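The following exercises examine the packing and electrostatics of a single protein model. Each task is followed by a solution in steps.

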Amino acid sequence: MAITGIDPSSYYSDYYSNVSNVSKDALEKTLSGVDDKTSEEELMKACKEFEAYFVEQIFKGMEKTVIKADDGDSDVSKYTDYFKDMQTQEYAKTATEQGNGIGLANQLYQQMKRNYGL
């Protein structure tokens with residue numbers, strides 16, 4: 001028995017348009033309640049965190065180029081390996097917070113502010 005006269009694509013398109021309208025309305029409600037100054041501060045914080053991550057990756061790449069002496073299995077090298085990632089993260093965070101860092105956070109902030117109309 002064949003069912004005729006039913007177009008499943010119309011049901012899907014109606015469903016997806018309703019879902020997108022609901023999510024759009026929810027997003028607009030969320031954004032309308034956000035203070036502009038707060039959102040700009042959060043955006044700048046996110047940009048600085050990205051810059052710190054970027055600088056951390058640069059530091060890790062530079063560290064790979066360093067030829068290290070073979071110390072054997074000393075306790076110092078074990079602790080150094082254990083805390084190396086945290087130390088690199090802190091160096092990157094400090095480098096980003098001092099002055100303008102490398103300027104990536106400010107560039108991202110200005111670009112996003114311009115594109116999203118904040």
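**Exercise 1. Determine which residues form the largest nonpolar core and which elements supply them.**

Solution.

Step 1. The largest nonpolar core consists of five residues, namely Leu43, Met44, Cys47, Ala105 and Tyr109. A nonpolar core is a set of buried Ala, Val, Leu, Ile, Met, Phe, Trp, Tyr and Cys residues joined through side-chain atoms within 4.5 Å; buried denotes under 20% relative accessible area, exposed over 50%, and partly exposed the range in between (1.4 Å probe, protein chains only).

Step 2. Two or more residues of this core come from each of H2 and helix H4 (104-116). Helices (H or I, at least four residues) and strands (E, at least two) are DSSP runs numbered from the N terminus.

Step 3. The largest contribution is that of H2, with three residues.

Step 4. Beyond four places in sequence, Met44 is in contact with Ala105, Asn106 and Tyr109, where contact requires heavy atoms within 4.5 Å.

The model is predicted: local features need pLDDT of at least 70, side-chain atom pairs count only at pLDDT 80 or more, and totals for chains, interfaces and linings use all residues. Residues are numbered from 1 along each chain as its sequence is written, and side-chain values use heavy atoms, with hydrogens and water left out.

**Exercise 2. Characterise the overall fold and surface of the protein.**

Solution.

Step 1. The protein contains four helices and zero strands, which gives the pattern α-α-α-α when read along the sequence.

Step 2. Of the 118 residues, 14% are buried.

Step 3. Among contacts with a separation of 6 or more, 92% join residues 24 or more positions apart.

Step 4. The accessible surface amounts to about 9,900 Å², and carbon and sulfur atoms account for 55% of it. The areas come from the Shrake-Rupley method with a 1.4 Å probe; for residues, only the protein chains shown count as cover.

**Exercise 3. Establish which polar atom and which residues surround the side chain of Glu51.**

Solution.

Step 1. Glu51 belongs to helix H2 (residues 36-64).

Step 2. Glu51 is buried but has no salt bridge, and the nearest side chain of opposite charge, that of Lys48, is 6.9 Å away. Here Lys and Arg count as positive and Asp and Glu as negative, while His and the chain ends are not counted; a salt bridge is a side-chain nitrogen of Lys or Arg within 4 Å of a carboxyl oxygen of Asp or Glu.

Step 3. A polar atom of the Glu51 side chain lies 3.0 Å from the backbone nitrogen of Ala105.

Step 4. Not counting residues up to four places away in sequence, Glu51 touches Thr96, Asn100, Gly101, Ile102, Gly103, Leu104 and Ala105.

**Exercise 4. List the salt bridges and identify the network that links Glu56, Lys60 and Asp85.**

Solution.

Step 1. The count is three salt bridges.

Step 2. Glu56 pairs with Lys60, with the closest N and O atoms 3.2 Å apart. These two residues are four residues apart in helix H2, so about one helical turn separates them. Glu56 is buried at 8% relative accessibility, whereas Lys60 is partly exposed at 25%.

Step 3. Lys60 also forms a salt bridge with Asp85, the closest N and O atoms being 3.9 Å apart. This pair links distant parts of the chain, since Asp85 lies in helix H3 (residues 75-97) and Lys60 in helix H2, 25 residues apart. Asp85 is partly exposed, at 44% relative accessibility.

Step 4. Glu63 and Lys84 meet in a salt bridge with an N to O distance of 3.6 Å. This pair, too, links distant parts of the chain: Glu63 is in helix H2 and Lys84 in helix H3, 21 residues apart.

Step 5. Glu56, Lys60 and Asp85 are thus the members of a network of salt bridges.

**Exercise 5. Describe the surroundings of Ala52 and Val55.**

Solution.

Step 1. Ala52 is located in helix H2 and is buried at 15% relative accessibility. Its C-alpha atom is 8.9 Å from that of Glu90, 38 residues away along the chain.

Step 2. Apart from residues up to four places away in sequence, Ala52 touches Ala92, Lys93 and Thr96.

Step 3. Val55 also lies in helix H2 and is buried, with a relative accessible area of 5%. The C-alpha atoms of Val55 and Thr88, 33 residues apart along the chain, are 9.3 Å from each other.

Step 4. Outside its neighbours within four places in sequence, Val55 contacts Ala92, Ala95, Thr96 and Ile102.

Notes:
A polar contact is a pair of N or O atoms within 3.5 Å; within protein, one must be able to donate a hydrogen and the other to accept it, and residues adjacent in sequence count only if both atoms are side-chain atoms.
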